[in-house]
Protein chains: 2
Amino acid sequence: MTQGSGTPLAGLRIVECATFVAGPSGGMALAQLGADVVRVDLPQGGGDRGRWPVDAHGNSLYWPSLNKGKRSLALDFRRPEGRELLLALATAPGPDAGVYLDNVAGRARLRYEELTERRPDAIHIHVQGMPGGKPAVDYTVNAGVGVPDMTGPKDHGAPVNHVLPAWDFLCGMTAATGLLAALHRRGRTGEGTGMDLALADVALSAVGNLGWLAEAHLAGHGRERHGNHTYGSFGVDFPTADGRRVMVVALTPGQWEALCRATGTGEVFKALEPALGADLSTEADRFRLRETIEAILRPWFATRTLAEVSARLDEAHALWGPYRDMSEAVRLALDEPDSVVSEIDQPGIGPMVASAGPLRLGGSAVPPRPAPLLGADTDSVLSEDLGLSAGEIGRLHDAGIVAGPA
Amino acid sequence: MTQGSGTPLAGLRIVECATFVAGPSGGMALAQLGADVVRVDLPQGGGDRGRWPVDAHGNSLYWPSLNKGKRSLALDFRRPEGRELLLALATAPGPDAGVYLDNVAGRARLRYEELTERRPDAIHIHVQGMPGGKPAVDYTVNAGVGVPDMTGPKDHGAPVNHVLPAWDFLCGMTAATGLLAALHRRGRTGEGTGMDLALADVALSAVGNLGWLAEAHLAGHGRERHGNHTYGSFGVDFPTADGRRVMVVALTPGQWEALCRATGTGEVFKALEPALGADLSTEADRFRLRETIEAILRPWFATRTLAEVSARLDEAHALWGPYRDMSEAVRLALDEPDSVVSEIDQPGIGPMVASAGPLRLGGSAVPPRPAPLLGADTDSVLSEDLGLSAGEIGRLHDAGIVAGPA
């Protein structure tokens, strides 16, 4: 019953000159919405070409997973002639072209001013580590903003790094939003836009958005660790009788009542409230008494299997979820109809589990497309997008300025 | 030298009916780019109104931090007359209106089909927990995708939850990207778009984008914990002589050489390579020998202060960053010129540290704007956006359908 296919950006051309997670994940989000994204790499590939995880043959599963549905141009943009081709591609004419995303540092970098010389309404976003250009990666940025000090077991004396490069992903999606916002303006006013986006700013901005910066500033110190407890409310994990574990959360009064109903503990907590001077319908008191609540509920979970826990919590409409090993998560996702996870035939790899973008347009997931081999689209980009002749393309190959797939 | 102010979305109207982090952070990203975002709440506020962190007077720092730069309409959309007003607002005419973001569940929810009856080219994104509509929050989704099993100290026997609601933020920014992509299509083809976005899909999609789903599927089990070591390369934390700690990363051969140069360990590792049959210029071998590398480097850090470590690593252009307490991160950010963090005057709070959006348009950070008080814009939305008379507005107040600020 919903309108519109999965390709709202059909016809839009993005040139991406980026490596690792942030830039490439942003470009890929636009490709998954139908944009024609040309990823540009050096002929030997970027620093991320062989990144782990790898398959049994040592092929990177990371690179194809971050470049699904793009075209690949292998080009030595560190040499003047290659740089000139990149500049031409990034400033190609038309309302749906002239959009450039990069995180290139150093001499090879195309600057916004160079782009606007060729195309005054160019759109450019430059992704970097620190706002001044100093390099930084997700793990150094996360350390610098104070999150590892708040993470992990309560009695753990050292910072705990996150494993998910959360800042990279958020940065990439912010870049995608920024490019589309600039394109919106170009459509309305004809103006171009040059933007800088630093990973460190992404992290500061986000923790500020939770009120955490304000809190730390008022307190004069960072927040202590609370283990697996959800801050400011009630949420924690419980082991079950069959060796599984569940995460249970009660943010709202309704969720709290459902949890009490499911576990038959309503009367216990009702008796506890006057005894402890608490009102457990409030998040503040649930948080204050989190360890007491946890201790009261723990035996209920410890004496029931996951299946029993699941049935009772669902019946009461409590908010919860099981912990899963990632391989179990994959199996479940592959078995689900209309899942964002499926097996694709990936050039260079063979059958590979891959994920689609999470936006379901018209209600359905759009199946993932494979990634190109490095340089797979070099010749077609040079001929179709840049209008070069076969002879010119041959010369560029001979000079090592461009490369096809190995 | 760069074109364009910080408001590429000036003139665009977004109606947001959402609570907690995911939806509101997506709407706020658009507000930070200049859109006029009207957040709609029940007259008493949503379930997130009082969320922690709070200030010394118990006022939520969370709510204003997630609603900066929006307008606030307090409206009982659970009653038919209020629901009708919400529908009228969400389907207002004009090329820059008719864009609706929600995560409302149950009977009150506006469906895409209702929107398109009023406005065939309506744009709608519905944010939910699980793709089928079952509720889920960041912490249950994170458990379900397997990340807590990979997080934390190597010898820790239980899952470690992240504290940052990373999936919520990524979901919100994905919603922002989706809305702008749909708006792009409406501009090109006149078509509207209805989209569903589930938090669980956001998580599956992202871990798939790192190749982690493919890896877990091949291995038949999730990845083991590696403590603070960066997976598949070299990166780990080191304590310094003055009780500080740094995160050091070497993903590329150049970063590895810089680290060896800074610490004077080049010859040690050169001698180690043939002895252990390793090539430390490769990420795979740096990861395989991570604990050996760590053990060799640790004394160098342990005998130097943060200032000494900093000087040596920077001089060699190594990739590293200090761990900071969040209050130290705030102080540094407030002292920096052109920072994304500043102190604003927040209605209902007073002076409050707040963050701007991370996109620097034309090179500069856009200062953060305060959030509205709940219901601060009720009357202006009703009169200016919906064209209601003062009499009608008064009647709606009397009937409790709408509310102004408390």
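Which residue is the bridge partner of B:L75 in β13(B)? The answer is B:V402, and that pair is a handy way into this predicted model. From there we can walk through a sheet that draws strands from chain A and chain B, then visit the helices, two buried residues and the contact between the chains.

**The sheet**

- An open sheet of 8 strands runs in the order β12(A)-β6(B)-β5(B)-β4(B)-β1(B)-β2(B)-β3(B)-β13(B), with mixed pairing.
- At the edges stand β12 of chain A (359–361) and β13 of chain B (402–403); each has a single partner strand, so one side of each is left without a neighbour in the sheet.
- At one of these edges, β3 of chain B (residues 71–75) pairs with β13(B) in the antiparallel sense, over 2 bridges.
- By contrast, β1(B) and β2(B) run parallel and are joined by 4 bridges.
- The bridge partner of B:E16 in β2(B) is B:R39.
- As for its surroundings, β2(B) has 5 of its 6 residues buried, so this strand is largely enclosed by the rest of the structure.
- As background, strands of a sheet pair through backbone hydrogen bonds, either parallel or antiparallel.

**Helices lying across the sheet**

- Helix α1 of chain B (residues 22–32) lies across four strands of that chain: β1 (13–17), β2 (36–41), β4 (99–102) and β5 (123–128).
- The angle between α1(B) and β1(B) is about 165 degrees.
- Helix α15 of chain B (residues 378–385) lies across β1, β2, β3 and β13 of chain B, and runs at about 90 degrees to β3(B).

**A buried leucine, B:L89**

- You can find B:L89 in helix α3 of chain B, which spans residues 80–90.
- With a relative accessible area of 4%, B:L89 counts as buried, because that value falls under 20%.
- Leaving aside residues up to four places away in sequence, B:L89 touches B:V15, B:V38, B:V40, B:L73, B:V381, B:D385 and B:L386.
- The C-alpha atoms of B:L89 and B:V99 are 9.4 Å apart, and these residues are separated by 10 residues along the chain.

**A buried serine, B:S339**

- B:S339 sits in the loop between α14 (326–335) and β10 (341–346) of chain B.
- This serine, B:S339, is buried too, with a relative accessible area of 16%.
- A polar atom of the B:S339 side chain lies 2.9 Å from the backbone oxygen of B:A333.
- Beyond residues up to four places away in sequence, B:S339 touches B:A333, B:R360 and B:A365.

**Where the two chains meet**

- Chain A brings 145 residues to the contact, and chain B brings 145 residues.
- Between them the chains bury about 12,000 Å², with 66% of it on carbon and sulfur atoms.
- There are 8 salt bridges between chain A and chain B.
- A salt bridge joins the side chains of A:D201 and B:R360, at 2.7 Å from N to O.
- The chains also share 39 residue pairs in polar contact, counting pairs with both residues at pLDDT 80 or more.
- Helix α6 of chain A (residues 166–189) gives the most to the side of chain A that touches chain B, with 16 residues.

**Helix α8 of chain A**

- In α8(A), residues 212–219, the buried residues are A:W212, A:L213, A:A214, A:E215 and A:A216.
- These buried residues of α8(A) pack against α7 of chain A (199–209), and against α14, β10 and β11 (350–355) of chain B.
- Just after α8(A) comes A:G220, which takes a positive phi of about 80 degrees.

Notes: Residues are numbered from 1 along each chain as its sequence is written. Chains are lettered from A and ligands numbered from 1 in the order in which they are written. This is a predicted model: local features need pLDDT of at least 70, side-chain atom pairs count only at pLDDT 80 or more; totals for chains, interfaces and linings use all residues. Side-chain values use heavy atoms; hydrogens and water are left out. Two strands pair if DSSP finds at least two bridges between them. Contact means heavy atoms within 4.5 Å. Axes are lines fitted to C-alpha atoms, for helices over the stretch in contact, and angles run from 0 to 180 degrees between N-to-C directions. Buried means under 20% relative accessible area, exposed over 50%, partly exposed in between (1.4 Å probe, protein chains only). A polar contact is a pair of N or O atoms within 3.5 Å; within protein, one must be able to donate a hydrogen and the other to accept it, and residues adjacent in sequence count only if both atoms are side-chain atoms. Buried area is the accessible area (1.4 Å probe) that two parts lose on being put together, summed over both. A salt bridge is a side-chain nitrogen of Lys or Arg within 4 Å of a carboxyl oxygen of Asp or Glu.
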